[in-house]
Amino acid sequence: MNILLTGGAGYIGSHTAVVLVEAAHRVVLLDNLSNSRQEVLSNLERITGENIPFVKGDVRDTTLVRQVLEQHDIHAVIHFAGLKAVGESVQAPMDYYANNVQGTISLLQAMEDCGVRRLIFSSSATVYGIPQYLPIDEAHPTHPTNPYGRNKRHIEEMLGDIAGSDRTWRIVSLRYFNPVGAHDSGLIGEMPRGIPNNLMPYIVDVATGNLSHLSVFGNDYDTIDGTGVRDYIHVMDLAEGHRSALDYLDTRAPTMSLFNLGTGNGFSVLRMVQAFEAASGKKIPYRFAPRRPGDVAACYAKADKAAIELGWKATRTLEEMCASAWNYRSPSTKTKTP
Ligand code: NAD
Ligand code: UFG
């Protein structure tokens, strides 16, 4: 099937492209490269051996999206395109509403115009806000605590309204927990611009010597070792979740459904440091620092719904997550082969 990946040159989109091509789908990538690099495209071709059509453009350009849907005879869309930095969303909420909410409206308009009514949306565990119980299932109330999370919730509500208005839509919203790691080739992975906000890319920057040490935000949480606990999921497992969701859309999906994509396991910051040191052979110096505003002590998924209904489960270990993240960025991995 022909699948459009908005934001397909980004971290999760590029890994999903590999999985879908390997499953004999034809993918088309639409990305404005605001947070990704052109070189991802040649690396995707090296990995897959396929020439992957790429359109440089913005999802807010409804005319362009319509053209892409028609020209490539698109059957379904996976909508990754968006801005994703929580702190930045607090500083510049209008940019986030304009890009994330307006971008989705534009995409939906183009899809409706072209009669393409199959959509997978990249949502986030951040919609849940402060956990009221753990593990978090899909019925957990959604009280996001920042504009980025509210964007995701607004979009999910909008998708629910659209699905309710026309029963021919099939929409799946995937709430990702904490994606980390990279494709085994070391050719694609996570490469944030500037100083990373997230734990794993920060640790990798310490390992490469770009940053001197990790600040561990809080060591007095009510968790196993006092540091924050999250549900880290290998990006290739996450990518495979999209392949399962596509199958589901075409066979048995109701008009609108929501799934957590996580492992169901929580690991602390110190456990992550230890696992990364073991995988990389690098020492990660760290210092305890005050809690980061807005952080919660622990957040991990109940992943049973995806297992039962999508037939998907994360299988890769914490060691594989760390080893692949390091393989992607390690200066000693000079020759990368698909
Ligand atoms: P990413 O920034 O690597 O990828 C997003 C891509 O979208 C980038 O290549 C960027 O250039 C592109 N883009 C942004 N705005 C666009 C626009 N208006 N038009 C066209 N392209 C545009 O991020 P990612 O980690 O791959 O995240 C993908 C999606 O998953 C996002 O919607 C994000 O909110 C969501 N998500 C990510 C995480 C995470 O921790 N990485 C967690 C939960 C949810
Ligand atoms: N942490 C540190 N030091 C750092 C960075 C992070 O100690 O330099 C800690 C945090 O305090 C937290 C844990 O590492 O306890 C994970 O933090 P991340 O920033 O990697 O991830 P978050 O869980 O805060 O949020 C991420 C994305 C959100 C997404 C969410 C999904 O940033 O966009 O995962 O669960 F919604």
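**Notebook: two ligands and some helix pairs**

I opened with ligand 1, where a backbone N or O atom of N32 sits 3.2 Å from a nitrogen atom of the ligand. A reminder to myself before going on: this is a predicted model.

**Entry 1: around ligand 1**

I looked for other backbone contacts to ligand 1. F80 has a backbone N or O atom 2.8 Å from an oxygen atom of this ligand. G10 has a polar backbone atom 3.3 Å from an oxygen atom of ligand 1.

How much of ligand 1 does the protein cover? On its own the ligand has 830 Å² of accessible area, and the protein covers 95% of that.

Next I asked which elements give two or more residues to the shell around ligand 1. I found α1, β5 (118-124) and α6 (147-165). The largest share comes from β5, with three residues.

I then went through the shell residue by residue. Ligand 1 is surrounded by 28 residues, and I noted I12, D31, N35, S36 and Y148 as the closest. By kind, the shell holds eleven nonpolar, twelve polar and five charged residues.

**Entry 2: around ligand 2**

On to the second ligand, with the same routine. Which residues come nearest to ligand 2? I wrote down S124, N198, S215, R230 and D295, out of 23 residues around the ligand.

I picked out D295 for a closer look: a polar atom of its side chain is 2.5 Å from an oxygen atom of ligand 2. R292 also uses its side chain, with an N or O atom 2.8 Å from an oxygen atom of the ligand. F217 takes part through its backbone instead, where a polar atom lies 2.9 Å from an oxygen atom of ligand 2.

I checked the cover here too. Ligand 2 taken alone exposes 690 Å², and the protein buries 89% of this area.

Where do the shell residues come from? I found that α7 (199-208) and β8 (214-217) each supply at least two of the residues around ligand 2. With four residues, β8 gives the largest share. Sorted by kind, the shell of ligand 2 has twelve nonpolar, seven polar and four charged residues.

**Entry 3: how some helices pack**

I reminded myself what to look up: two packed helices are described by the angle between their axes and the distance between the axes.

I began with α1, since I had already met this helix in the shell of ligand 1. Helix α1 covers residues 11-22, and helix α8 covers residues 235-251. The two pack at an angle of about 60 degrees, and their axes are 8 Å apart. Are α1 and α8 oblique or parallel to each other? They are therefore oblique. I noted the crossing of α1 past α8 as right-handed.

I stayed with α1 and turned to helix α2, residues 39-48. The axes of α1 and α2 come within 10 Å and cross at roughly 30 degrees. This angle makes α1 roughly parallel to α2. The crossing of α1 and α2 is right-handed.

My last pair was α7, a helix I knew from the shell of ligand 2, with helix α9, residues 269-280. Their axes lie 11 Å apart, at an angle of about 45 degrees. That makes α7 oblique to α9. I wrote down a right-handed crossing for α7 past α9.

**Entry 4: two backbone details**

I finished with the backbone, keeping in mind that most residues other than glycine have a negative phi, and most peptide bonds are trans.

Which peptide bond did I mark as cis? The bond from L134 to P135 is cis, and its omega is near -10 degrees. I placed P135 in the loop between β5 and α6. Both of those elements had come up in my notes on the shell of ligand 1.

I also marked L33, which is not a glycine and yet has a positive phi of about 60 degrees. I found L33 in the loop between β2 (26-31) and α2.

Technical notes. Residues are numbered from 1 along each chain as its sequence is written. Chains are lettered from A and ligands numbered from 1 in the order in which they are written. This is a predicted model: local features need pLDDT of at least 70, side-chain atom pairs count only at pLDDT 80 or more; totals for chains, interfaces and linings use all residues. Side-chain values use heavy atoms; hydrogens and water are left out. A residue is near a molecule or strand if one of its heavy atoms lies within 4 Å of it. A polar contact is a pair of N or O atoms within 3.5 Å; within protein, one must be able to donate a hydrogen and the other to accept it, and residues adjacent in sequence count only if both atoms are side-chain atoms. Accessible areas come from the Shrake-Rupley method with a 1.4 Å probe; for residues, only the protein chains shown count as cover. Ala, Val, Leu, Ile, Met, Phe, Trp, Tyr, Cys and Pro count as nonpolar, Asp, Glu, Lys and Arg as charged, and the others, Gly among them, as polar. Axes are lines fitted to C-alpha atoms, for helices over the stretch in contact, and angles run from 0 to 180 degrees between N-to-C directions. Angles under 35 degrees count as roughly parallel, over 145 as roughly antiparallel, 65 to 115 as roughly perpendicular and the rest as oblique. A crossing is left-handed if the near helix is turned anticlockwise from the far one by less than a right angle, and right-handed if clockwise.
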